[in-house]
Amino acid sequence: MINPNTARAMTESIGRCARAVAGPSTAIVAVSPSMGPESIESHYDEALAVPGVLAEVAAGERAGTDGYVIACFGDPGLDAARELAAGPVVGIAQAAMHAATLVGRGFSVVTTLSRTAGRAWDLAHRYGFAAACRGVHACDIPVLELDRPDGDAREVVTRLCAEALDADGSDAVVLGCAGMAPFCAEISARLGVPVVDGVTAATKLVESLICLGLRTSARGEYAPPPPKRYSGLLGDFTIP
Ligand SMILES: NC(=O)NC1=NC(=O)NC1=O
C-alpha cells in the first residue's frame, strides 16, 4: 500500500483499512515516500509525488513485493509504476470506478477540493467510465482535515454523497480520496446505496489479480524502461 503523500497518519489509516479486508495469506505493508508533498491537492503536488512513489515501487521490487496499491485518488505514477513492477499495480481511482460499475449503472464521485475534479473526470475517461461517471462533486475540505477529531468532515461528505446521488441520478458513490476510506461503511449504511472506497477495492483487486496469476505485462508499453543515466537527485534511484 503506497500512500503517495508523506502524511504518516494517512499511511497508517490506509494500512488499517487494507488489513481490515485483506485475506489471511496477504501481508499488507503500508508505506509512504520520505520525500514529497504532505498531501496531494493539485497537479503540482501530484507531479512531485511521483518520484517518491516510484522509489517505493523500486524498493518493493528489491524486497520481492507481489503487488501494489497506489493509494491516492489521482493514481499518481500508475503507468510508470507498472513499468517497474513485476506484479500488478492498481490505483484507488481505477479500482473504485471498476467496482462501482459492477454494482450500479452510474456512479457519482465525491472528492476533496474542487480543483481536483478535473483529474477525476480525466481518469474516468481514461479508464473507460465516461458514461458511467455521472458527476464529480467536491466537499472542499483539505485532505489533511478529513480526519480532524473536532471536524465535521464525515457529516459534510455524507450530505454531499446524498446530494450527488439526487443531482446525478446515480446509484452508487465513489469516495474520491484515500482519506475518506474510514467513512465508507457508515455512509453506505446511512444512504442505502453502494459507496466504494478505492483503498479497500484496490486491495482486493490486487489480491485477486495475484490469485489469478496475473502480473503486469512486460510486453510493449509496460516493459521495463530503457536503461539510461538520470542526473541530479533522480540519479539516486536504482531501477530494479
Ligand atoms: N482527491 C484527493 O484529494 N486525493 C488525495 N490526495 C491525497 O493526498 N490523497 C488522496 O487520496
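At 16% relative accessibility, E207 counts as buried in this predicted model. The cut-off for a buried residue is under 20%. E207 forms a salt bridge with K204. The closest N and O atoms of the two are 2.6 Å apart. K204 is partly exposed, with a relative accessible area of 32%. The bridge therefore joins a partly exposed lysine, K204, to a buried glutamate, E207. Both residues lie in helix α8, which covers residues 198-211. Three residues separate them, about one turn of the helix.

Helix α8 also holds T203. T203 counts as buried, at 3% relative accessibility. Its neighbours within four places in sequence are left aside here. Beyond them, T203 is in contact with M1, A18, V21, A22, I28 and V69.

In total, the structure holds eight salt bridges. Side chains of opposite charge can pair when their charged atoms come close. One of the eight joins R126 to D79. Here the closest N and O atoms are 3.0 Å apart. This pair links distant parts of the chain. R126 belongs to helix α5 (residues 117-126), and D79 belongs to helix α3 (residues 78-84). The two residues are 47 residues apart. R126 is partly exposed, with a relative accessible area of 46%. D79 is partly exposed as well, at 25% relative accessibility.

A further bridge connects E155 with R190. Its closest N and O atoms are 2.7 Å apart. This pair, too, links distant parts of the chain. E155 sits in helix α6 (residues 153-168), whereas R190 sits in helix α7 (residues 184-191). They are 35 residues apart. E155 has a relative accessible area of 35% and is partly exposed. R190 is also partly exposed, with a value of 44%. The partly exposed class lies between under 20% for buried and over 50% for exposed, so both E155 and R190 fall within it. Salt bridges that share partners join R154, E155, E186 and R190 into one network.

Helix α6, the helix of E155, was examined further. The helix has 16 residues. From its first C-alpha to its last, α6 reaches 22 Å. That is close to the 22 Å expected at 1.5 Å a residue. The buried residues of α6 are A153, V156, V157, T158, L160, C161, A164, L165 and D168. These buried residues pack against three strands and a helix: β3 (107-111), β4 (133-138), β5 (172-176) and α7. Helix α7 thus meets α6 in two ways, through packing against its buried residues and through the bridge between R190 and E155. After α6 comes G169, whose phi is positive, near 65°.

Positive phi values also occur away from glycine. Most residues other than glycine have a negative phi. D75 has a positive phi, near 50°, and is not a glycine. D75 lies in the loop between β1 (68-70) and α3. D75 is buried, with a relative accessible area of 2%. D140 likewise has a positive phi, of about 55°, although it is not a glycine. D140 is placed in the loop between β4 and α6. At 43% relative accessibility, D140 counts as partly exposed. The two aspartates therefore differ in burial, D75 being buried and D140 partly exposed.

The ligand was considered last. There are 13 residues around the ligand. Of these, N5, I40, T112, G176 and A178 come nearest. Two of the five place polar side-chain atoms by ligand oxygens. For N5, a polar side-chain atom lies 2.9 Å from an oxygen atom of the ligand. For T112, the corresponding distance is 2.7 Å, again from a polar side-chain atom to an oxygen atom of the ligand. A178 makes its approach through the backbone. A backbone N or O atom of A178 lies 2.8 Å from an oxygen atom of the ligand. On its own, the ligand has 290 Å² of accessible area. The protein covers 97% of that area.

Note on methods
Residues are numbered from 1 along each chain as its sequence is written. This is a predicted model: local features need pLDDT of at least 70, side-chain atom pairs count only at pLDDT 80 or more; totals for chains, interfaces and linings use all residues. Side-chain values use heavy atoms; hydrogens and water are left out. A salt bridge is a side-chain nitrogen of Lys or Arg within 4 Å of a carboxyl oxygen of Asp or Glu. Helices (H or I, at least four residues) and strands (E, at least two) are DSSP runs, numbered from the N terminus. Buried means under 20% relative accessible area, exposed over 50%, partly exposed in between (1.4 Å probe, protein chains only). The expected span of a helix is 1.5 Å times one less than its number of residues. Contact means heavy atoms within 4.5 Å. A residue is near a molecule or strand if one of its heavy atoms lies within 4 Å of it. A polar contact is a pair of N or O atoms within 3.5 Å; within protein, one must be able to donate a hydrogen and the other to accept it, and residues adjacent in sequence count only if both atoms are side-chain atoms. Accessible areas come from the Shrake-Rupley method with a 1.4 Å probe; for residues, only the protein chains shown count as cover.
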